[in-house]
Amino acid sequence: MQRSAITMSDRELARAIQQHERATLPALTRLWAYYRNPALDVPPHRAPIASDLAQAQGLPERLRAKFPEDGGEVVIENDIAWRVHAMVDFMFGKPITIRSTARDPALRATIDRVLARVLAKSGGVSLLQELALLGHVYGYVDLLVNVAEALRDEPRHARRAMTPPFRANSPGTQGTGNQGGQALLLSDEQIERATSMMRIDVIEPRRGFALLDPGDYRTLRAFVVRSSILGRDGARIERMDVITGARWQKYRNGRRAGESEVWWSGGRVPIVHIQNLAQPFRYEGIGEVEPLIPLQDELNTRLSDRAHRLTMQSFRVYLARGFDPGQTLKIAPGSVIVADSADAKIEEFGGSTHDLGEDRHIGELREALDKASAVPPIAAGAVQAKFGNLSSGNALRIALMGVVAKTSRKRITYGAGLAQAAELVLSALDAAGVLPTASADREIEIDWPETVPGEGGEREP
């Protein structure tokens, strides 16, 4: 799927960057804004108010046109963020265990230790939660299986430096698929040396994008990673790396600054693509934010309308008739009001009234958000109904049926991506001569933690 030895021309690269900036980047930025809901363009002399928030841009024109300096009657309730956080917690709230399926027990134990160490050095659970969060927001995320930059620049010297002295285990391990016919058992020091040169990096979709084969969306020709850093002189440097299955091209401020060989991925682009939920015939997956945006805008609109109504109706208004126009009336407990006219009268009107239709509509919007996301409030700890004995695993599974089913679907796509990343790590160590393995030895399985109490662990290939 990802085999490529193509070097991108500058013209192709410029065209791809233009397309990414014009069409893809604005859509991705909008998804992040609705999830994060930051305050936009806040003057330095005041604190942020509701109308400054990113989701306020989704309110209808009749509300946005009245944004005053004091915030007006704008209410923004971010129902998207807590749902995304709940889904990430269900996916990677606890550590996972990556297990090798190699036939030789000693090699299997070594691979388990190596992969666990590479994952820990790459961030561990934080790495998993980060890739899950980005995948849930954008619909997909990419992992870069990388080696140290010095090793990319000098691959031959690097391979000699990476190769530790092996300590083979007991004889009689022929046929395991490793080179030399012996299962290798590395010491802790050797594993530390080997894994210090490997890393799995999460690439945010706004920073990196794929260049696909025009005839097959499943074939990755190259991958572009863009970033901005400060140079030694304080000037900002625009970095860009173009990675194919053969070369790693570096650009600085639009000019090519060098390249190195991609020797560790077996001719593939060292990128692992993970879809949050599979989307047929598309590189991008299905995210959790985009379907909720219309409902979130409608909820914020109705909450703002209700706030405006309550504000306007919370003040009582009095109409005095038959009194001297110059007379000052004071409405307060214990006040005595004197009038000469028998027709004098004080009428009261206004005050907040309960609107059942309005409350029902807001409640239905929240239920629609629950159905669209498959995350009910109980998933975040808010119990709003009776579910029987909540200490029962069956009761919890029934109450959380939607989010449990959705999590199971995601474990297929995220698990396959982690398996590919592990295979690339082992391929790199094999290419460097650190841990020789055959293709069959690089397959893994993942032990997932239980989704709800009493469920028992799940294992996905």
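A surface patch is built from residues with over 30% relative accessible area and no salt bridge, joining like charges within 9 Å and nonpolar side chains (Val, Leu, Ile, Met, Phe, Trp, Tyr) within 5 Å. A salt bridge is a side-chain nitrogen of Lys or Arg within 4 Å of a carboxyl oxygen of Asp or Glu. The structure described here is a predicted model, in which local features need pLDDT of at least 70, side-chain atom pairs count only at pLDDT 80 or more, and totals for chains, interfaces and linings use all residues. Residues are numbered from 1 along each chain as its sequence is written, and side-chain values use heavy atoms, with hydrogens and water left out.

One nonpolar surface patch consists of Tyr-318, Ile-331, Ile-337 and Ile-346, which together offer about 320 Å² of accessible area (Shrake-Rupley method, 1.4 Å probe, with only the protein chains shown as cover for residues). Of these, Ile-331 sits in the loop between strands E10 (316-321) and E11 (345-350) (strands are DSSP runs of at least two residues, helices of at least four). Ile-331 is partly exposed, at 44% relative accessible area (buried is under 20%, exposed over 50%, partly exposed in between).

Turning to the strands, an open antiparallel sheet runs in the order E3-E2-E9 (pairing requires at least two DSSP bridges). E3 (198-203) and E9 (271-275) are the edge strands with a single partner each, so one side of each has no neighbour in the sheet. Five bridges link E2 (residues 140-147) to E9, and Val-141 faces Ile-274 in E9.

Asn-37, in the loop between helices H1 (10-36) and H2 (61-64), is buried because its relative accessibility is 11%.

Terms used:
Buried means under 20% relative accessible area, exposed over 50%, partly exposed in between (1.4 Å probe, protein chains only).
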